[in-house]
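Morning, everyone. I have one structure to walk through today. Please have it open while I talk.

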Amino acid sequence: LRPLIVLLNSASEEAQSYAAGALMNCASSDDANRIEIRELQGINSLISLLSSRVDVVQARAAGALFNCALNAENQEEIRLLDGLKPLIALLASGSEECQANAAGAMMNCALNDAKTREDLISLGAIPHIITLLLARNVVVQTRAAGVLFNVTVYEPARHEVRRHGGIRPLISLLWSRNANACGVIMNICEVDEITRKEVMEADGLKPLTALLLSPSDALQRRACLALANLCLTPVVAIACREMGVLKPMMSLLSSRDAQVTSAAARGISVCCSSDPPAAEELRLLGALKPLVHLLSKHVDAGRGNGAESTAAEEDQLAVLRQNVATALFNASGNPEAATAIRELGGLKTLGSCVNSRDKILQASALGALANIASKDKIGRVDIRELDLLKRVVRLLESRDITVQLRATDVILNCALDSENR
């Protein structure tokens with residue numbers, strides 16, 4: 001590696017090109033090489049070559065930085081050595097290879113380094129990246145969308161994407177099953193109601209709904225979460241229901257991928273919260289049965305069944321349980337759905353969740369019990385006979401205010417039954 005880095009400073013542009021290309025390949029899959037390139041001051045030399053007069057030198061230097069930036073420390077190094085400015089300049093290159101590699105380098109730099117995300121906005125990169133969403137080259141499009149996906153983890157970037165007209169080209173990419181574009185839509189719709197309405201008005205709900213049927217788990221998950229974020233706005237939630245989003249989302253509850261299942265439950269939960277008639281449609285579609293089954297299955301798994309799992313897998317299961325319980329909570333606001341959940345044996349499972357240390361899961365389960373007790377006379381009796389009232393009363397002393405309030409609701413509604421009183 002050392003002689004290759006020396007050649008980056010050669011007077012020969014051909015030597016520079018071959019050396020940058022060799023370093024690009026060496027850094028493609030070996031993290032030790034990425035680290036050594038940084039330690040040998042190779043990052044600085046590669047950044048210098050981004051200003052070369054020769055396209056192939058620029059492209060290979062950008063490609064080497066693209067691969068080097070797969071290492072988190074290198075991401076920061078590129079920023080500290082002022083590498084973002086020349087990378088942004090290359091986005092306007094006439095060479096598609098330069099554009100693709102420069103966008104790829106920025107995509108990787110923005111993956112873990114929060115300051116890079118901020119700098120890309122302040123350096124005016126967003127409009128140039130949005131322009132590349134319209135490129136003819138699929139690799140350029142995908143990497144440009146990848147930059148936006150990573151940058152929009154940072155909330156101010158989300159407004160920049162909308163402000164600079166990024167929504168329509170992103171929606172166009174959804175039709176070609178671009179996972180990065182779907183991820184950007186997911187991110188930018190998380191907090192901004194104006195963005196949600198603009199996505200709806202730009203006809204973005206149709207391709208997102210189609211992506212629920214994609215063979216790709218990643219696309220299914222991102223489409224579910226994008227639709228969930230969109231449905232935080234009631235008018236969009238109504239439009240989603242009318243478009244038939246609930247049926248394909250319901251089918252994903254049986255996915256083999258726990259993250260897809262969790263995302264589908266999240267989508268269903270938000271739909272029911274923002275658009276109450278969605279709960280009745282879910283009941284008619286038979287979606288309550290898989291939700292109750294999922295919660296029962298994964299609450300039992302959460303108690304430990306002898307199988308070993310990683311911390312990441314445990315976190316994923318925790319989120320899955322939360323999303324399913326919240327979906328049942330929101331659906332149970334509908335009287336017929338509340339009765340159906342009880343008839344499906346949901347009370348016992350919800351009662352198990354009441355014992356959880358997970359306050360989000362606990363609060364959602366209590367909310368569902370409160371709704372069922374409010375709307376279903378037999379449910380009030382069953383809650384008593386399952387000996388759930390004792391557990392609920394103990395939670396009046398919880399340190400979590402939401403758990404306290406929901407426990408109070410359960411008791412208040414159960415007290416409509418004289419024997420419960």
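Let's start at a polar contact. The side chain of Asp417 reaches the backbone nitrogen of Glu419, at 3.0 Å. Keep in mind that this is a predicted model.

Where does Asp417 sit? It lies in the segment after helix H29, which spans 401–414. Is Asp417 buried or exposed? The relative accessible area of Asp417 is 12%, and the cut-off for buried is under 20%, so Asp417 counts as buried. Now set aside the neighbours within four places in sequence. Asp417 is then in contact with Arg380, Val381 and Arg384.

Next, salt bridges. Side chains of opposite charge can pair when their charged atoms come close. How many salt bridges does a search of the whole structure find? The search finds 17. I'll take three of those pairs.

Pair one is Asp113 with Arg79. Their side chains meet in a salt bridge at 2.6 Å, N to O. This pair links distant parts of the chain, with the two positions 34 residues apart in numbering. Asp113 is in the loop between helix H8 (96–112) and helix H9 (114–122). Arg79 is in helix H6, residues 72–80. Both ends have low numbers for accessibility. Asp113 has 11% relative accessibility and counts as buried. Arg79 has 15%, and it counts as buried too. There is also a third partner to consider. Glu76, Arg79 and Asp113 are linked in a network of salt bridges.

Pair two is Arg163 with Glu160. Here the salt bridge is at 3.1 Å, N to O. How are these two residues placed along the chain? They are three residues apart in helix H12, residues 155–163, so about one helical turn separates them. Their surroundings are worth a look. Arg163 is exposed, with a relative accessible area of 57%. Glu160, at 16% relative accessibility, counts as buried.

Pair three is Lys206 with Asp203. Their side chains meet in a salt bridge at 3.8 Å, N to O. Lys206 is partly exposed, with a relative accessible area of 43%. Asp203 is partly exposed as well, at 38%.

Now a helix. Which residues of helix H10 are buried? H10 covers residues 125–132, and the buried ones are Ala125, Ile126, Ile129, Ile130 and Leu132. They cover an arc of only 155 degrees around the axis, so they are on the same side of H10. What do these buried residues pack against? The list is helix H7 (84–90), H8, H9, helix H11 (138–151), H12 and helix H13 (167–174). Two of those names came up earlier. H8 and H9 flank the loop that holds Asp113. H12 is the helix with Arg163 and Glu160.

Last stop, Cys26. Cys26 is in helix H2, residues 13–26. Is it buried, exposed or partly exposed? The relative accessibility of Cys26 is 28%, so it counts as partly exposed. Leave out the neighbours within four places in sequence, and Cys26 is in contact with Leu1 and Asn33. One distance to go with that. Cys26 and Ile37 are eleven residues apart along the chain, and their C-alpha atoms are separated by 9.5 Å.

To recap the charged part: Asp113 and Arg79 are a buried pair, and they belong to a network with Glu76. Lys206 and Asp203, in contrast, are partly exposed. That's my tour. Over to you.

Note on methods. Residues numbered from 1 in each chain as written. Predicted model: local features only at pLDDT ≥ 70, side-chain atom pairs only at ≥ 80, totals over all residues. Heavy atoms only, no water. Salt bridge = Lys/Arg side-chain N within 4 Å of Asp/Glu carboxyl O. Helix = DSSP H or I, 4+ residues; strand = E, 2+ residues; numbered from the N terminus. Buried < 20%, exposed > 50% of the residue type's maximum accessible area, 1.4 Å probe, protein only. Arc of directions from axis to C-beta. Contact = heavy atoms within 4.5 Å. Polar contact = N/O pair within 3.5 Å; in protein donor to acceptor, adjacent residues only side chain to side chain.
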